[in-house]
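Here's a quick tour of one protein model, going from the whole chain down to a single side chain. Have the structure open and follow along.

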Amino acid sequence: MSTCMENTDWDFVLQFVSEPLDMEFSHVPERPVAERTHSAVPVQVPTPPDSFSSSPVDPPAEEDTLVSVSTTFFPGAHIHSHSPDVVLLSSDSVFFYVHTRALLGVSENNFGGLLPPSSKATPGQLGPVIVVSQSSTILNIVLHAVYDMACSHYSPSFESLATALSSLTDYGVSLKRHVGPSTALHSLLLSHAPLYPLELYTLAASHDLYDLAVPTSSHLLSFSLASLTDEMVDRIGAIYLKRLFFLHFGRADALKRLLLPPPHPHAPINDCDFTEQKRLTRAWALASAYLAWDARPDLSTNAIESALAPLGDQISCELCRKALRDRLKTLIIQWSAVKRTI
């Protein structure tokens, strides 16, 4: 009776296992940066003020009109000591309520010439609506960088982050300051290094972000330099391309130098004199030459150990085996210490 019940229970469980799970982990969709709200609620979504330039007078909107407002930069957000005094409208019609003082404080060109040099707006009073060319996704990243806030919970794509860096430059925002090692945007960009190592290195090189290029370069050890296209080379530039080549060639040369010395010979004994020890020296030379011939900058310590450790199986002298183990241990330690970044 119990056996029958157990089989029934397992059949009930396995009916879910037998159906394939249609799940995808490789791509995390971006979270929406705005939500629609009824314009009839003035506390959350006040009517945007007039823009700098004159515009046609629109007919009165219906009470149930919906507008999209940023989920982070909305009128009641506590992101600044003062109330927002300017509204940015993205190309896909999302309103961002921000502060002139915050934008001008980080920009070297009055935020792309969109803002006057100094704001004379009354505290708590909204200024103009400024239409920008960026989409809400890109503008959201830009403003998070301006306010030194993390935007990782929106899961922006790498393409969006790359576009946002160009937009920050257009708005006169220093990338070295706002994409530095201690910033949230730097960490977010670096999280894409395992999947987009070349793209991220190219992005860092094109903006001269050395602190971002250095950790990214360690993910390019397995990259074939011969596959670089002319377009990639132009974007990377001469300086960062030279650093990447030197990283690859430097590690390959270091591996060859480290492989060259054979295990240290021991004092002659009855069963193993210097002539007998030459067998181990020749075996080491052949195995190390095999590794050095195809010296790759990403060669793992496991691959080195797999190629050289079996040499001890053909040796009967325990002192020679110990010399081989000591030499292999030293080699692995030395190879692990070789620089892995530009």
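## Contacts and overall make-up

Start with the contacts: of those with a separation of 6 or more, 69% are between residues 24 or more positions apart. Keep in mind that this is a predicted model.

In terms of secondary structure, you're looking at 14 helices and 5 strands. The protein has 342 residues, and 39% of them are buried. About 20,300 Å² is exposed, with carbon and sulfur atoms supplying 56% of that area.

## Helix α11

Now scroll to residues 238-259, which form helix α11. This helix has 22 residues and runs 32 Å from its first C-alpha to its last, close to the expected 32 Å.

Its buried residues include plenty of leucines to click on: Leu241, Leu244, Leu247, Leu255, Leu258 and Leu259. Tyr240, His248, Arg251, Ala252 and Ala254 are buried as well. An α-helix has 3.6 residues a turn, so residues three or four places apart point the same way.

What sits over those buried residues? The cover includes α8 (197-206), α9 (210-217), α10 (230-236), α12 (274-293), α13 (301-308) and α14 (318-336).

## A closer look at Gln134

Gln134 lies in the loop between β5 (129-131) and α4 (136-146). Is this residue buried or exposed? Gln134 counts as buried because its relative accessibility is 10%, and the cut-off for buried is under 20%.

Leaving aside neighbours within four places in sequence, Gln134 is in contact with Ser90, Ser91, Leu139, Ser167 and Tyr171. With Tyr171 there's also a side-chain to side-chain polar contact of 2.4 Å.

Definitions and conventions: Residues numbered from 1 in each chain as written. Predicted model: local features only at pLDDT ≥ 70, side-chain atom pairs only at ≥ 80, totals over all residues. Heavy atoms only, no water. Helix = DSSP H or I, 4+ residues; strand = E, 2+ residues; numbered from the N terminus. Expected span 1.5 Å × (residues − 1). Buried < 20%, exposed > 50% of the residue type's maximum accessible area, 1.4 Å probe, protein only. Contact = heavy atoms within 4.5 Å. Areas by Shrake-Rupley, 256 points an atom, 1.4 Å probe, with all protein chains shown as cover. Polar contact = N/O pair within 3.5 Å; in protein donor to acceptor, adjacent residues only side chain to side chain.
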